[in-house]
Amino acid sequence: MIPSFTRSFTAEARHIDEMGHVNNAVWVQWIQDMATAHWDAAARPEDREQFVWLVVRHEIDYRGNIDLGQSVEGTTWIEGGARGAKSLRRVDFRDSAGRVIVSAATTWAMLDRTSGRPARVRPEVIAPFV
C-alpha cells in the first residue's frame, strides 16, 4: 500500500520563464506527472488496465519558486474517499529548506478506458491510496 508518493524535480533551462524561475505551466505538469506515477506505483494491475484518470480541476497556491538547477520534493496523496467518479488529490512541493512553496488540490475523474465514460470509484480501487 502506498498512501502517499514522493518524487523530486530539478528545474532545467526548459522549465524557466522570463521571470527566471519555474513557469506555472511546469508546476501543473509536475502535479500531473506525480499523480500518474502514484497511480502506476500503487494501483492494482487490473485497475490500471480498466481505468484512466483525467483532471477535472486544479487549485494551486504559489508561495515561492525555484530557480535553474534547484530541486523540490513533491509529495502527493488522496484526501478522503472518492465521491462517485471523482477523487481529491493533494500535492505539496517543498524547497531545500523544507518549506512548502507550491500546494495544490486537484480533482480527478476516473473513466472506463473502453467506454470513455465516468466510472464510480469502488472501495477496492481507492484502497491502496488511502
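This report describes a predicted model of a protein chain, going from its sheet to its largest pocket and then to some single residues.

## The sheet as a whole

The model contains an open sheet of five strands, which lie in the order β1-β3-β4-β5-β2 and pair in the antiparallel sense. At the edges are β1, which covers residues 4–10, and β2, and each of these two strands pairs on one side only. From one strand to the next, the twist averages 25 degrees. As background for reading such an arrangement, strands of a sheet pair through backbone hydrogen bonds, and this pairing can be either parallel or antiparallel.

## Pairing from strand to strand

Following the order of the sheet, one can begin with β1 and β3, which are antiparallel partners joined over seven bridges. Within this pairing, Thr-10 has Ser-71 in β3 as its bridge partner. Strand β3, which spans residues 71–78, is in turn joined to β4 by six bridges, and these two strands also run antiparallel. Several residue pairs show how β3 and β4 are matched: Glu-73 stands opposite Arg-94 in β4, Thr-76 stands opposite Val-91, and Ile-78 stands opposite Arg-89.

The next pairing is that of β4 with β5, a strand made of residues 100–112, and here nine bridges hold the two in the antiparallel sense. One of the matched pairs is Phe-93 with Val-102, the latter belonging to β5. The two strands form a hairpin with five residues between them, and in its turn Gly-98 has a positive phi of about 85 degrees.

## Two faces of one strand

In a regular strand, the side chains alternate between the two faces of the sheet. Strand β3 can be read with this in mind, for it has a covered face made up of Val-72, Gly-74, Thr-76 and Ile-78, while Ser-71, Glu-73, Thr-75 and Trp-77 make up its uncovered face. The residues met in the pairings above can be placed in this way: Thr-76 and Ile-78 belong to the covered face, whereas Ser-71 and Glu-73 belong to the uncovered one.

## The largest pocket

The largest pocket of the model has a volume of about 240 Å³. Its lining consists of 17 residues, and the closest to the centre of the pocket are Ala-35, Thr-36, Trp-39, Trp-53 and Trp-108. Two or more lining residues come from each of α1, β2 (51–62), β4 (86–94) and α3 (123–126), and α1 gives the most, with five residues. Sorted by class, the lining has eleven nonpolar residues, together with three polar and three charged ones.

Trp-53, one of the residues closest to the pocket centre, is found in strand β2. Is Trp-53 buried or exposed? Its relative accessibility is 16%, and because the cut-off for a buried residue is under 20%, Trp-53 counts as buried. The C-alpha atom of Trp-53 is separated by 14 Å from that of Arg-83, a residue 30 positions away along the chain.

## Residues in strand β5

Thr-106 is found in β5 and has a relative accessible area of 0%, so it is buried. The side chains of Thr-106 and Trp-108 are joined by a polar contact of 2.7 Å, and Trp-108 is also among the residues closest to the centre of the largest pocket.

Ser-103 likewise has its place in strand β5, and with a relative accessibility of 15% it counts as buried. Its side chain makes a polar contact of 2.9 Å with the side chain of Asp-92.

## Residues in and after the helices

Asp-33 lies in helix α1, which covers residues 24–42. With a relative accessibility of 26%, Asp-33 counts as partly exposed, because that class lies between the buried limit of 20% and the exposed limit of 50%. The side chain of Asp-33 makes a polar contact with the side chain of Gln-29, at 2.7 Å. Although Asp-33 and Arg-7 are 26 residues apart along the chain, their C-alpha atoms are separated by 9.6 Å.

Pro-128 is located in the segment after α3, where a relative accessible area of 12% makes this residue buried. Which distance separates Pro-128 from Pro-3 in space? The two residues are 125 residues apart in sequence, yet they lie 6.4 Å apart from C-alpha to C-alpha.

Definitions and conventions. Residues are numbered from 1 along each chain as its sequence is written. This is a predicted model: local features need pLDDT of at least 70, side-chain atom pairs count only at pLDDT 80 or more; totals for chains, interfaces and linings use all residues. Side-chain values use heavy atoms; hydrogens and water are left out. Helices (H or I, at least four residues) and strands (E, at least two) are DSSP runs, numbered from the N terminus. Buried means under 20% relative accessible area, exposed over 50%, partly exposed in between (1.4 Å probe, protein chains only). A polar contact is a pair of N or O atoms within 3.5 Å; within protein, one must be able to donate a hydrogen and the other to accept it, and residues adjacent in sequence count only if both atoms are side-chain atoms. On a 1 Å grid over the protein atoms alone, a cavity is a set of points where a 1.4 Å probe fits but cannot get out, and a pocket is an open set with protein on both sides within 12 Å along at least five of seven lines; lining residues have an atom within 4 Å of a point. Grid points are joined across faces, edges and corners, and a volume is the space filled by probe spheres set on the points. Ala, Val, Leu, Ile, Met, Phe, Trp, Tyr, Cys and Pro count as nonpolar, Asp, Glu, Lys and Arg as charged, and the others, Gly among them, as polar. Two strands pair if DSSP finds at least two bridges between them. Axes are lines fitted to C-alpha atoms, for helices over the stretch in contact, and angles run from 0 to 180 degrees between N-to-C directions.
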